[in-house]
Amino acid sequence: MPIIFNNWKRLQSFLTFFKRLIVAHRASLLLLLIGVYLPLQVFGELAEDVWENEGGFRWDVPILLAIHSTARPQLDVFAGTLTKFGVFWGVFPVASAIAIALFLRRRWRSLIYFITTLLGSIIINRTAKVLLHRVRPHLWVSPAPEFDYGFPSGHAMSSMTLVAVLVILTWGSRWRWLVIIAGSLFVLAIGWTRLYLGVHYPSDILAGWTASVAWAVGVSLLIKPNKSDRA
C-alpha cells in the first residue's frame, strides 16, 4: 500500500507539473500547431500525391481553366509584369534593403533569422522540385513560359516567406496589421499571376505557401528573432 500511495503521489506531481508546463507555454504550443504542424500536414499530403501522380489533382485543371477564361491581352501584360515582383523585381530588392537595415541597426538575432529563413526557403524549394520532378501544366501557350519543374512554386514560396518573416518581425509593433493586410494582398496577387500565366497548378501555389509558413514559424521558434540580442 505505501508503494501504491507513493506512486500515486508521484503521478499527481507529474500531472501538476505537466499542466503548469502546458499553461506556461500554451502560446508557443498553439503557434507550433497552427504555424508548423498544420501547414506541414497540408504540404506533406500534396507532396505525397504529386509523388504518386505527377499529373495533378482533380481540382487543378478546372481552376486553371476558369482563370484562363478571363484572359485578355491587357491582363497578359499586367500579369507578366506583376509576376516578376514575386522574386527579382520585388522580393529580392526588398529583402536586401531589410537585411541592410537590420545590419545597420545591429539587430543580429533578427538578421540571422531573416537570412536563415529566406535562404532556407530557396533550398527547400529547389530540393523539392528536384526530388518530385513535377512537370508544369501545358494547357495553353503561356505569355511567360517557365521550363524547370513546378512543385512547389518558387514565386509563391519567396513571396510568402518574405511576408511571413515580416509579420513575425513586426508582430509586437504598430506595423503588424499593415504588413498582414498588404502582405496578404501581395501573396495572393503573385499566386494569381502564376495561375493566370498557366505556369503552375493551384496545388503548386498552395504547397509553396504552406511550406513557407511552416519554415518561417519553425525557424522563429528556434531563433526567437524578437528577443533581445543580449546574452
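Start by selecting α5 (91–104), α6 (108–132) and α7 (154–169): each of these helices supplies at least two residues of the lining of the second largest pocket. Keep in mind as you go that this is a predicted model. Now colour α6 on its own, since α6 gives the most to that lining, with nine residues.

To bring the pocket itself into view, centre on V87, V91, I122, G154 and S158, which lie nearest its centre among the 26 lining residues. The volume of this second largest pocket is about 600 Å³. If you colour the lining by class, you will find 12 nonpolar, eight polar and six charged residues.

Next stop, the largest nonpolar core. Select Y113, F114, L162 and V165; of the 25 residues in this core, these touch the most other members. Then show the elements that give two or more residues to the core: α5, α6, α7, α8 (176–196) and α9 (202–223). Which helix gives the most to this core? That is α7, with nine residues.

Zoom in on F114 and show what surrounds its ring. Leaving aside neighbours within four places in sequence, F114 is in contact with A95, I98, A99, L102, L162, V165 and L169. Apart from the largest core lies another one, of 11 residues; pick out I67, A79, W140 and A156 among them.

Move on to α8. Which residues of α8 are buried? Select V179, G183, V187, I190, G191, T193, R194, L195 and Y196 to see them. To see what covers these buried residues, add α3 (60–68), α4 (73–82), α7 and α9, which are included in the cover. You can also check the helix with a distance tool: at 1.5 Å a residue, the 21 residues of α8 should span 30 Å, and the end C-alpha atoms are 30 Å apart, so the two values agree. Just after α8, stop at G198, where phi is positive at about 75 degrees.

The last helix on the tour is α9. Here 16 of the 22 residues are buried, so α9 is largely enclosed by the rest of the structure. Try the end-to-end check again: with 22 residues at 1.5 Å a residue, α9 should span 32 Å, which agrees with the 32 Å between its end C-alpha atoms. Finish at K224, just after α9, which takes a positive phi of about 55 degrees.

Technical notes:
Residues are numbered from 1 along each chain as its sequence is written. This is a predicted model: local features need pLDDT of at least 70, side-chain atom pairs count only at pLDDT 80 or more; totals for chains, interfaces and linings use all residues. Side-chain values use heavy atoms; hydrogens and water are left out. On a 1 Å grid over the protein atoms alone, a cavity is a set of points where a 1.4 Å probe fits but cannot get out, and a pocket is an open set with protein on both sides within 12 Å along at least five of seven lines; lining residues have an atom within 4 Å of a point. Grid points are joined across faces, edges and corners, and a volume is the space filled by probe spheres set on the points. Helices (H or I, at least four residues) and strands (E, at least two) are DSSP runs, numbered from the N terminus. Ala, Val, Leu, Ile, Met, Phe, Trp, Tyr, Cys and Pro count as nonpolar, Asp, Glu, Lys and Arg as charged, and the others, Gly among them, as polar. A nonpolar core is a set of buried Ala, Val, Leu, Ile, Met, Phe, Trp, Tyr and Cys residues joined through side-chain atoms within 4.5 Å. Buried means under 20% relative accessible area, exposed over 50%, partly exposed in between (1.4 Å probe, protein chains only). Contact means heavy atoms within 4.5 Å. The expected span of a helix is 1.5 Å times one less than its number of residues.
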